[in-house]
Amino acid sequence: MLIEHKYFSAFDDNNLRLLNIIGQQVGIAMENVELYQKMHEMATIDSLTGIYNRLYFQERLREEIANAKRENYDLSLAIMDIDYFKRFNDTFGHLFGDKVLKHIANLIKKSLRSGDIIARYGGEEFVILLPRTSIKEAYDKVERLRNIISKTSIKDELVEASVTVSFGVSSYPEFSNTESELLKTADNALYEAKESGRNCVRIPC
């Protein structure tokens with residue numbers, strides 16, 4: 001903060017004390033804003049992957065369902081599971097497993113639109129919310145993601161491994177009318193993907 005006057009020695013000691021107090025209060029306010037931003041980030045961001053956490057996703061899902069109903073547009077949701085993730089931890093160790101999670105999260109995040117939302121839903125599960133996206137559009141987008149992931153390999157010093165994922169996709173209002181139904185139908189579709197041999201995408205029957 002800079003305060004000037006055209007006359008030399010225009011500010012006396014009382015002015016300087018007042019300005020010093022104002023400067024301190026502004027500094028405290030700025031520190032509080034920064035602290036609030038950090039606390040908000042800690043409450044909404046998964047510390048390992050850097051994407052949103054489950055709590056934040058649940059809040060956004062409620063908001064997006066309400067918006068979709070009010071504005072009458074499609075809302076799709078995909079749940080993704082890393083195939084045989086336990087093998088990475090058992091074979092290469094948990095640090096490599098963490099690297100797999102971060103790699104997949106970053107890969108998906110880069111492939112989404114600005115309005116799409118990705119969050120870590122469980123240990124090796126991710127969820128993607130796709131506003132204004134029909135089930136066909138969501139299927140095509142997720143299938144492209146599945147294909148991209150299946151062609152990548154993750155390296156860590158002497159270790160290199162390929163990864164595949166399974167997706168279950170559902171949408172409002174075609175297959176559900178509430179947030180719980182949307183999650184359940186997508187989760188059921190993910191179960192079908194796993195039962196079908198994994199490394200595939202399924203939608204509700």
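Visitor: Which lysine side chain meets Asp156 in a salt bridge, and how do I read that term?

Guide: A salt bridge puts a side-chain nitrogen of Lys or Arg within 4 Å of a carboxyl oxygen of Asp or Glu. Here Asp156 meets Lys99, at 3.9 Å from N to O. The pair links distant parts of the chain. Asp156 is in strand E4 (residues 153-156), Lys99 is in helix H4 (residues 94-111), and they are 57 residues apart. Helices (H or I, at least four residues) and strands (E, at least two) are DSSP runs, numbered from the N terminus.

Visitor: What kind of model is this, and how are its residues numbered?

Guide: It is a predicted model: local features need pLDDT of at least 70, side-chain atom pairs count only at pLDDT 80 or more, and totals for chains, interfaces and linings use all residues. Residues are numbered from 1 along each chain as its sequence is written, and side-chain values use heavy atoms, with hydrogens and water left out.

Visitor: How many salt bridges are there in the whole structure?

Guide: A search finds 11. One of them joins the side chains of Asp81 and Lys194, at 3.6 Å from N to O. Asp81 lies in strand E1 and Lys194 in helix H6 (residues 179-195), so this pair ties together parts that are 113 residues apart in sequence.

Visitor: Is Asp81 buried or exposed?

Guide: Buried means under 20% relative accessible area, exposed means over 50%, and partly exposed is in between (1.4 Å probe, protein chains only). Asp81 has 5%, so it counts as buried. Its partner Lys194 has 26% and is partly exposed.

Visitor: Where do Glu143 and Arg146 lie?

Guide: Both are in helix H5 (residues 135-150). They are three residues apart, about one turn of the helix. They form a salt bridge, with the closest N and O atoms 2.6 Å apart. Glu143 is partly exposed at 25%. Arg146 is buried at 12%. Elsewhere, salt bridges that share partners join Arg60, Glu63 and Glu64 into one network.

Visitor: Now the sheet. In what order do the five strands stand?

Guide: Two strands pair if DSSP finds at least two bridges between them. The five strands form an open sheet, E2-E3-E1-E6-E7, with mixed pairing. E2 and strand E7 (201-202) are at the edges, each with a single partner strand, so one side of each has no neighbour in the sheet.

Visitor: In which sense does E1 pair with E3 and with E6?

Guide: Antiparallel in each case. E1 and E3 share seven bridges. E1 and strand E6 (residues 165-172) share eight. Take Leu77. Its bridge partner in E3 is Leu129, and in E6 it is Ser170. Asp81, met above in a salt bridge, stands opposite Glu125 in E3.

Visitor: Which way do the side chains of E1 point?

Guide: In a regular strand the side chains alternate between the two faces of the sheet. In E1, Leu75, Leu77, Ile79 and Asp81 point one way. Ser76, Ala78, Met80 and Ile82 point the other way. E1 (residues 75-82) is mostly covered, with eight of its eight residues buried.

Visitor: Which strands does H4 lie across?

Guide: H4 lies across E1, E2 and E3, and runs at about 155° to E1. Such axes are lines fitted to C-alpha atoms, for helices over the stretch in contact (heavy atoms within 4.5 Å). Angles run from 0 to 180 degrees between N-to-C directions.

Visitor: Last topic, rings. How many aromatic pairs are there?

Guide: Five, in a search of the whole structure. The rings of Tyr52 and Tyr56 have centres 4.0 Å apart and planes at 20°, so they are stacked. Phe57 and Tyr121 are edge-to-face, at 6.0 Å centre to centre and 85° between the planes. This pair links Phe57 in helix H2 (residues 54-71) to Tyr121 in the loop between strand E2 (117-120) and strand E3 (125-131), 64 residues apart. The rule: rings of Phe, Tyr and Trp (its six-membered ring) pair if their centres lie within 6.5 Å; planes under 30 degrees apart are stacked, over 60 edge-to-face, the rest tilted.

Visitor: Which charged end sits over the ring of Tyr121?

Guide: That of Arg54, 3.9 Å from the ring centre. The test is NZ of Lys or CZ of Arg within 6 Å of the ring centre and within 35 degrees of the ring normal. Arg132 lies over the face of Tyr73 in turn, at 4.0 Å from the ring centre.
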